[in-house]
Amino acid sequence: MKNKKLLFVINVDWYFKLHWLPRAIAAKEAGFSIVVATHFTSPVIRTELRALGFKLIPLFINRKSLNPAIDFITCRCISKLIERENPDIVHSITVKPNVYAGLTCSKRKVAQVMSVTGLGLSFSSEKLQSKISKKIITKLYKKAASNTQSHILFENQDDMALFFKLGIADKERLTVIDGAGVNLVEYSYQEESFDEIPSILFAARMLWDKGIKDLITAAAFLREKGLLFKLNVAGILDEQSSAAISEAQIQEWHKQGDINWLGEIKDMPQLISQSNIVCLPTAYGEGVPRVLIEAAAIGRPIVTTNVNGCRDIVLNNQSGFLVPPNNSKELAAALEKLLLNKEMRLKFGKQGRKLVEKKFCQKIVIKRTLDIYNKLLLDI
């Protein structure tokens with residue numbers, strides 16, 4: 001990998017830092033020169049990445065735009081970027097970077113890794129707009145994946161199986177790497193403190209499809225039964241998503257006492273360790289939700305939905321509960337079991353930690369990613 005150039009193309013800087021920075025650092029240590037093309041929203045992140053010796057290129061990608069003219073301009077910008085930088089490998093992440101970079105890489109025969117970090121609203125929603133979007137995305141992925149020097153990474157088996165079924169690429173160029181991985185030292189196992197009033201944590205991007213409304217409804221059911229608990233909510237306001245929840249709505253829930261809004265929290269290990277249960281009742285097309293990996297690593301039982309990605313990190317009735325999406329009553333029933341049973345929470349937490357050590361350790365994720373880079377270089 002020495003004297004080779006690796007170009008990351010990703011939609012936004014905070015997402016790169018949260019999920020991909022350890023892999024980029026490892027690639028640099030292995031000999032790659034690193035170029036990051038993304039939309040920079042934070043001067044702090046920009047400074048941090050520059051200090052690591054990365055070359056940074058501003059690139060605005062409007063994630064919710066359906067305007068062909070805007071997307072054509074974005075595609076042209078990515079194409080010119082790849083031609084100018086002439087990387088040995090392009091690692092693109094999420095739909096628009098994958099297909100737009102893929103079209104150029106296919107044309108120029110540039111080695112490419114495409115990371116599918118969940119299939120999002122286009123594949124999980126039943127709305128007409130999403131169904132149309134799914135057909136378009138599938139066609140674009142097929143075109144991008146016609147490059148025989150491309151490899152597609154997934155975070156769960158269901159997504160990979162769907163891409164194979166849709167005929168996007170053959171199995172030899174499809175690989176599952178379980179989630180983003182967590183640092184097992186930073187996210188060390190910690191037994192919960194058995195306070196009189198336990199707390200449930202919801203931590204995610206503030207999107208309607210992540211299930212916060214179902215959780216609020218479930219919490220109301222439990223309070224009507226006389227259960228005492230705190231419902232803490234933390235997350236990122238994502239105004240670029242078409243499913244974004246407004247800050248005004250979140251503040252209204254907070255004022256009414258439905259939730260305790262914490263805002264964006266930097267110290268996730270501390271936040272999770274102070275919680276008793278982590279809940280993500282999502283209906284979104286997930287990869288493997290990072291917060292669930294972090295929760296399991298620290299030893300917290302999980303309640304989540306039986307959807308792609310979520311079922312990869314939860315052993316049902318062993319490390320948490322899987323419930324149907326959009327079902328507040330079953331969600332409430334699962335939460336009630338854990339709220340009333342400290343011993344179950346402790347047992348589930350230990351099982352979750354074992355699963356993370358086996359499949360979701362950051363060292364494993366980094367090694368498998370670098371192995372893919374190395375294979376592509378050998379095949380060039």
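# Strands, helices and rings: worked exercises

Strand S8 (residues 199-203) runs parallel to its partner, strand S11 (residues 277-280), with 2 bridges between them. Keep in mind that this is a predicted model. Let's start with that pair and build outwards.

## Exercise 1

Task: Find the residue in S11 that stands opposite Leu201, then work out which strands of the sheet stand at the edges.

Solution:
- Step 1. Look across from Leu201 and you land on Val278 in S11.
- Step 2. Now write down the whole sheet: it is open, has 6 strands and follows the order S10-S9-S8-S11-S12-S13, with parallel pairing.
- Step 3. Strand S10 (260-263) and strand S13 (320-323) each have a single partner strand, so they stand at the edges and one side of each is left without a neighbour in the sheet.
- Step 4. For the twist, neighbouring strands of this sheet are turned by 20° against each other on average, ignoring direction.

## Exercise 2

Task: Work out which strands helix H9 (residues 212-224) lies across, and how H9 and H14 are placed relative to each other.

Solution:
- Step 1. H9 lies across S8, strand S9 (230-234) and S11, and runs at about 170° to S9.
- Step 2. Turn to H14: H9 packs with it at an angle of about 60°, and the axes are 8 Å apart.
- Step 3. An angle of that sort is neither roughly parallel nor roughly perpendicular, since perpendicular starts at 65 degrees. H9 and H14 are therefore oblique to each other.
- Step 4. The crossing of H9 with H14 is right-handed.
- Step 5. On the H9 side, the residues that meet H14 include Leu215, Ala218 and Phe221, and on the H14 side they include Leu331, Ala332 and Leu335.
- Step 6. Sort that contact by class and you get 8 nonpolar, 2 polar and 3 charged residues.

## Exercise 3

Task: Describe how helix H14 (residues 328-339) packs with helix H15 (residues 342-360).

Solution:
- Step 1. Their axes are 6 Å apart, and the angle is about 100°.
- Step 2. That angle makes H14 roughly perpendicular to H15.
- Step 3. The residues that meet are Lys337, Leu338 and Leu339 from H14, and Met344, Arg345 and Phe348 from H15.
- Step 4. By class, this contact of H14 with H15 has 4 nonpolar and 2 charged residues, with no polar ones.

## Exercise 4

Task: Say which strands are the edge strands of the 7-stranded open sheet, and find the partner of Val116 in S6.

Solution:
- Step 1. The order here is S3-S2-S1-S4-S5-S6-S7, and the pairing is parallel.
- Step 2. Strand S3 (55-58) and strand S7 (174-176) are the edge strands, as each pairs on one side only.
- Step 3. From one strand to the next, the twist averages 20°.
- Step 4. Inside the sheet, strand S5 (residues 111-116) pairs with strand S6 (residues 150-154) over 5 bridges, in the parallel sense.
- Step 5. Val116 has Phe154 as its bridge partner in S6.

## Exercise 5

Task: Count the aromatic pairs in the structure and describe the one formed by Tyr141 and Phe163.

Solution:
- Step 1. The structure holds 7 aromatic pairs.
- Step 2. In one of them, Tyr141 and Phe163 have ring centres 4.9 Å apart and planes 70° apart.
- Step 3. Planes over 60 degrees apart count as edge-to-face, so Tyr141 and Phe163 form an edge-to-face pair.
- Step 4. This pair links distant parts of the chain: Tyr141 sits in helix H7 (residues 128-144) and Phe163 in helix H8 (residues 157-165), 22 residues apart.

Key:
Residues are numbered from 1 along each chain as its sequence is written. This is a predicted model: local features need pLDDT of at least 70, side-chain atom pairs count only at pLDDT 80 or more; totals for chains, interfaces and linings use all residues. Side-chain values use heavy atoms; hydrogens and water are left out. Two strands pair if DSSP finds at least two bridges between them. Helices (H or I, at least four residues) and strands (E, at least two) are DSSP runs, numbered from the N terminus. Axes are lines fitted to C-alpha atoms, for helices over the stretch in contact, and angles run from 0 to 180 degrees between N-to-C directions. Contact means heavy atoms within 4.5 Å. Rings of Phe, Tyr and Trp (its six-membered ring) pair if their centres lie within 6.5 Å; planes under 30 degrees apart count as stacked, over 60 as edge-to-face and the rest as tilted. Angles under 35 degrees count as roughly parallel, over 145 as roughly antiparallel, 65 to 115 as roughly perpendicular and the rest as oblique. Ala, Val, Leu, Ile, Met, Phe, Trp, Tyr, Cys and Pro count as nonpolar, Asp, Glu, Lys and Arg as charged, and the others, Gly among them, as polar. A crossing is left-handed if the near helix is turned anticlockwise from the far one by less than a right angle, and right-handed if clockwise.
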